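I opened this model to look up a few things in turn. My notes are below, in the order I took them.

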Amino acid sequence: MRITAPRVLALLCAVVLCWYTFQVAPDLADRPRRAAAARADAVLPPTTRLPDAASRSPHPATPFPAPGKAFLGVFTSQGTHDFTEAADFTRQTGHRPQVFEFSADWAHDRFDAAAIDRVAERGMLPMVAWEPWDHAKEAKEPKLRGEQPTYRLSRIIDGAFDAYVRSWARGIASLGYPVAIRFAHEMNGYWYPWCEQSNSNSPGEYVRAWRHIHQLFDAAGAHNAVWVWSPNVSYTNSTPLRGLYPGDAYVDWVGLSGYYGTVGKENYQSFDALFTPTRTELRRFTRKPLVITEVGATDAAGRKAEWITGMFRSLPRHRDIIGVIWYQAVKEIDWRVGTSPASSAAFTAGASAARYQQGWGPGTTPRLR
């Protein structure tokens, strides 16, 4: 083949195009993410030195939260990959969250000690919403959302995922601090494969699956796991909670998910109206500390600030509620605190109370009563 000027020019163009495609373009595309991460680190920099499991103190640790205290945390969509949403929450409210909740699904998320360390290093208790399903295959048709036969409760009970569960159990055990495990939440609904109303699951299987997972963690020595059993607020036709409860020997904290402004609940509902009926139902069979593991409020009617103010007014009356985790993300609705200056100001005012000022550290121990 003769070397000609057009051919040389074409080759040079191809080289330049490849260089741009694989070097320049990815770097340009990644710059906004890296800039956002840098801004997040400026607001939420690592502040805590983490111990390894061997150096944990054998002496009694400070309970978290201490009696009379409560924590305020965040649940973000980006999780451990990007702390921007948590940093935005901190800027908008002036409150550094003491708990950081993030999702991990069984189809995609292997145990990653470095990711969990990134949370703890920033002075936040890691809480993993640990989900036995493939979230990427979630059906859009509401009636089919919970249909993933691979993740039926019977398969969890029969040990189909034991190797995966043990990998997480050994990983959690290797950390020198507590990690909250919010396993298979909102089980009283129908929209997840672990709900007894979906996926050809049977009554009683949820409790058996929970106890099986818990026993695998115990066998691995993962006694630093904090078990968070977390239904949705009860609604018409939801599964009664008592039959889904694994028992106090298998649960450390109970949790609740509830939002003002979801489909079917567009009318104004105060914090108490939203949570008190289910809280009353829970107290018929357990006295475990209660965490609001997901909460948010719409601003569609311009009442978000009012709702937040009411939440902080109600919380001191409910001493069994030891923490609130705000959903700082956009999903069907923009649930983030800072949708308006008024809502940010309302949260700032509430969070400034002394009862929310205790920090989390790796030497603390979860309060169990």
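These entries go from the whole chain to helix packing, then to a pocket and two single residues.

**Entry 1: the chain.** I am working with a predicted model. I looked up the secondary structure and got nine helices and 10 strands. The chain has 369 residues, and 52% of them count as buried. I then checked contacts between residues at least 6 apart in sequence; 80% of these join residues at least 24 apart.

**Entry 2: helix 8.** Is helix 8 enclosed or open to the outside? Eight of its 11 residues are buried, so I note helix 8 as largely enclosed by the rest of the structure. I listed the buried ones: Lys 304, Ala 305, Trp 307, Ile 308, Gly 310, Met 311, Phe 312 and Ser 314. Next I asked what covers them. The cover includes strand 2 (71-75), strand 7, helix 7 (271-282), strand 8 (290-297), strand 9 (321-327) and helix 9.

**Entry 3: helix 8 against helix 9.** I followed up one part of that cover, helix 9. Helix 8 spans residues 304-314, and its axis lies 8 Å from that of helix 9, at an angle of about 10 degrees. Angles under 35 degrees count as roughly parallel. The two helices are therefore roughly parallel to each other. On the helix 8 side I found Lys 304, Ala 305, Ile 308, Thr 309, Met 311 and Phe 312. On the helix 9 side they meet Ala 342, Ser 343, Ala 346, Phe 347, Gly 350 and Ala 351. I sorted this contact by class: eight nonpolar, three polar and one charged.

**Entry 4: helix 2 against helix 9.** How do the axes of helix 2 and helix 9 cross? Helix 2 (residues 84-93) and helix 9 (residues 341-351) have axes that come within 8 Å and cross at roughly 80 degrees. That makes helix 2 roughly perpendicular to helix 9. Phe 89, Gln 92 and Thr 93 of helix 2 meet Ser 344, Phe 347 and Thr 348 of helix 9. By class I noted two nonpolar, four polar and no charged residues here. Phe 347 is on my list for the helix 2 contact and also for the helix 8 contact.

**Entry 5: the largest pocket.** I read off a volume of about 1,500 Å³ for the largest pocket. Its lining takes in 48 residues, with Arg 145, Tyr 192, Glu 294, Lys 331 and Glu 332 nearest the centre. Which elements give two or more residues to the lining? I found strand 3 (99-105), helix 3 (113-120) and strand 7 (253-260). Strand 3 gives the most, four residues. I split the lining by class into 18 nonpolar, 17 polar and 13 charged residues.

**Entry 6: Gly 146.** I located Gly 146 in the loop between strand 4 (125-131) and helix 4 (153-157). Gly 146 is buried, with a relative accessible area of 0%. I set aside its neighbours within four places in sequence and looked for its other contacts: Tyr 190, Trp 191, Tyr 192, Pro 193, Ser 198 and Asn 199. Tyr 192 also appeared among the residues nearest the pocket centre. I took one C-alpha distance too: Gly 189, 43 residues away in sequence, is 9.4 Å from Gly 146 in space.

**Entry 7: Ala 273.** Ala 273 sits in helix 7. Buried, exposed or partly exposed? At 39% relative accessibility, I noted Ala 273 as partly exposed. Tyr 260 is 13 residues from Ala 273 along the chain, and their C-alpha atoms are separated by 9.8 Å.

Key:
Residues numbered from 1 in each chain as written. Predicted model: local features only at pLDDT ≥ 70, side-chain atom pairs only at ≥ 80, totals over all residues. Heavy atoms only, no water. Axes fitted to C-alpha atoms, helices over the stretch in contact; angles between N-to-C directions. Parallel < 35°, antiparallel > 145°, perpendicular 65-115°, else oblique. Contact = heavy atoms within 4.5 Å. Nonpolar A, V, L, I, M, F, W, Y, C, P; charged D, E, K, R; others polar. 1 Å grid on protein atoms, 1.4 Å probe; cavity = no way out; pocket = protein on both sides within 12 Å on 5 of 7 lines; lining within 4 Å. Points joined across faces, edges and corners; volume = space filled by probe spheres on them. Buried < 20%, exposed > 50% of the residue type's maximum accessible area, 1.4 Å probe, protein only.
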